[in-house]
Number of protein chains: 2
Amino acid sequence: MTGKREQNREQNRLALIEAVLDSVAEKGISETSVSEIIQRAGLSRGMIHLHFGGKDNLVQAAVQHSSEDYYGGLENLLQTAGDSGQERIEMIIRGDLSKEVLNRRSVSIWYAFRGEARNRAAVAEFSDTRDDRLRSMILHAFTSVVREDGCPDAAAVARDATHGTLALLEGMWTDYLLHPDRFDREEAMRIIFRFLAAMFPAHFSLAGAILPEEAEGAAARPL
Amino acid sequence: MTGKREQNREQNRLALIEAVLDSVAEKGISETSVSEIIQRAGLSRGMIHLHFGGKDNLVQAAVQHSSEDYYGGLENLLQTAGDSGQERIEMIIRGDLSKEVLNRRSVSIWYAFRGEARNRAAVAEFSDTRDDRLRSMILHAFTSVVREDGCPDAAAVARDATHGTLALLEGMWTDYLLHPDRFDREEAMRIIFRFLAAMFPAHFSLAGAILPEEAEGAAARPL
DNA sequence: TTGAAAAATGGACAATCGTCCATATTAATC
DNA sequence: GATTAATATGGACGATTGTCCATTTTTCAA
């Protein structure tokens, strides 16, 4: 069993990271000060220096944590999917637009960090690796889809399909960022599947764009 | 003729706004301080308070200026386009991905502001109106395209096409933000036109995705 | 129970933030 | 050219920023 020592240590580290993410989501990066962070975490001023060596390192850790959260959710979903490329792509899209992954908090955090990515090298790096991982997951799935079709320039088609799907998902996230209240997950999925069905009529149809459960009305105000 | 008084006044106002945009593009919002701004503008500290009443108002004016720049370029392009919906959409896409509109500076500025939009009410408002204007331009064009086809649920199709096109453009901008060096304008256009050709085969083809001139190699380092 | 090491506290500190104003400079009018 | 009002200057100001450390508290081992 891990001692109480290490247990508290890890608990406080996490409290600081969560405090940063909460603050970024609610107040934005520019208002996420050390005072704001330690107040939310309910800890003392010196803890940031003790555990992370400084505010910048803490923010970097928060970015990494957020990124791992995203992939944790996505890869968990992916394990429940089938082995075919089509099933995996459908699951990625469904997951990326699900309430667990795409919500007010995650969107606020993600775009806040990305807006500063250009200047914070560490943030940019994770922003990159996150996108690269998603890209390779989708590209891999499309490659296996295209292989079944046996068309000539298979690699190029898979690349275009990956690029288009990622761009559409990006666009939908932006949609959600700007209008979280009037965003329609079903509509977002329908449009992406229209694109897929047009490119691969043998594998995709609009029927894939139906969410298993949709009940977002009254209980949905996470922020 | 306008007096030298007003002429200088306007010139200094503009210098401050440009200084903000330059700083945001190069250093990010969090490092865009009053000291940074007045140093870039070559003016004295008090000018911000004199002309804008405070830093926040200046930043808001900069956002507005940037937004008007974007539409100025886009609407100029649109005047050279034909009257048909198809031509207007092609021109909007071409313009939105052109070097004059989509470049390192504009992308840095746009995403930096958007990352803070959630917290700055004034910024959010302009982010909204900018998107709304573009949306209505595209929707209008698609509506006239769909009308020619005479399909039953014309309004819904035009709405989906607009939504998809906007999402794709958004995604391409994000692509450029994350990888300005390896971004390929031709590829971006090709993917969007693949989407359009699939939805409206009678009006769009991949032939629309060819840029008039492409020479971006050595001379392209605007930032 | 005692000693030592790890963890946590909270205030001191210099640096920087944005605002504002007394002063100096400039341009337009008489 | 003198007067007046608009424009511009740059430093003072209090507030807040992030860092760091002397001190206290807690945990584990002897």
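In the predicted model, R114(A) is buried, with a relative accessible area of 3%, and its place in the chain is helix α6 of chain A. The side chain of R114(A) makes a polar contact with the side chain of E170(A), at a distance of 3.0 Å. When residues up to four places away in sequence are not counted, R114(A) touches S127(A), D131(A) and E170(A) in its own chain, together with T174(B), L177(B) and L178(B) of chain B. The partner in the polar contact, E170(A), is thus one of the residues that R114(A) touches.

A contrasting environment is found for A155(A), which lies in helix α8 of chain A, a helix that spans residues 154-178. A155(A) is classed as exposed because its relative accessible area is 62%, where exposed requires a value over 50%. Between the C-alpha atoms of A155(A) and L139(A), which are 16 residues apart along the chain, the separation is 9.4 Å.

With regard to overall architecture, chain A contains 9 helices and 0 strands, and its pattern along the sequence reads α-α-α-α-α-α-α-α-α. The C-alpha atoms of chain A fill a box of roughly 60 × 40 × 40 Å, taken along the principal axes. Chain A has 223 residues, of which 51% are buried. Among the contacts in chain A with a separation of 6 or more, 65% are accounted for by residues 24 or more positions apart.

Helix α2 of chain A illustrates the packing at the level of a single element. The buried residues of α2(A) are E36(A), I37(A), I38(A) and A41(A), and these buried residues pack against α1, α3 and α4 of chain A. An α-helix has 3.6 residues a turn, so residues three or four places apart point the same way. After α2(A) comes G42(A), for which phi is positive and near 70°.

The model also contains DNA strand C, which is surrounded by 21 residues, the closest being R5(A), N12(A), K4(B), V34(B) and K55(B). At least two residues of the surface near DNA strand C are supplied by each of α1 and α3 (47-52) of chain A and by each of α1 and α2 (34-41) of chain B. In composition, this surface divides into 4 nonpolar, 10 polar and 7 charged residues. Of the atoms of DNA strand C that lie within 4 Å of the protein, 63% belong to sugar or phosphate, and the rest belong to bases. Individual polar approaches include that of R5(A), a polar side-chain atom of which lies 2.5 Å from a sugar or linking oxygen of DNA strand C. A polar side-chain atom of R9(A) lies 3.5 Å from a phosphate oxygen of DNA strand C, while a polar backbone atom of R5(B) is 2.7 Å from a phosphate oxygen of this strand.

For DNA strand D, 22 residues make up the surroundings, and those that come nearest are K4(A), V34(A), K55(A), R5(B) and N12(B). The helices that each supply at least two residues of the surface near DNA strand D are α1 (4-27) and α2 (34-41) of chain A, together with α1 (4-27) and α3 (47-52) of chain B. This surface is composed of 4 nonpolar, 11 polar and 7 charged residues. Sugar or phosphate accounts for 64% of the atoms of DNA strand D within 4 Å of the protein, with the rest belonging to bases. Phosphate oxygens of DNA strand D are found 2.6 Å from a polar backbone atom of V34(A), 2.4 Å from an N or O atom in the side chain of N12(B), and 2.9 Å from an N or O atom in the side chain of H51(B).

The largest pocket encloses about 350 Å³ of space. Its lining comprises 17 residues, among which D69(A), Y70(A), E100(A), V101(A) and S106(A) are the closest to the centre of the pocket. Both α4 (55-79) and α6 (104-115) of chain A supply at least two residues each to the lining, and the largest share, 6 residues, comes from α4(A). The lining residues of the largest pocket divide into 7 nonpolar, 6 polar and 4 charged. Helix α6 of chain A, which contributes to this lining, is also the helix in which the buried R114(A) has its place.

Terms used: Residues numbered from 1 in each chain as written. Chains lettered and ligands numbered in written order. Predicted model: local features only at pLDDT ≥ 70, side-chain atom pairs only at ≥ 80, totals over all residues. Heavy atoms only, no water. Near = heavy atom within 4 Å. Polar contact = N/O pair within 3.5 Å; in protein donor to acceptor, adjacent residues only side chain to side chain. Helix = DSSP H or I, 4+ residues; strand = E, 2+ residues; numbered from the N terminus. Nonpolar A, V, L, I, M, F, W, Y, C, P; charged D, E, K, R; others polar. Buried < 20%, exposed > 50% of the residue type's maximum accessible area, 1.4 Å probe, protein only. 1 Å grid on protein atoms, 1.4 Å probe; cavity = no way out; pocket = protein on both sides within 12 Å on 5 of 7 lines; lining within 4 Å. Points joined across faces, edges and corners; volume = space filled by probe spheres on them. Contact = heavy atoms within 4.5 Å.
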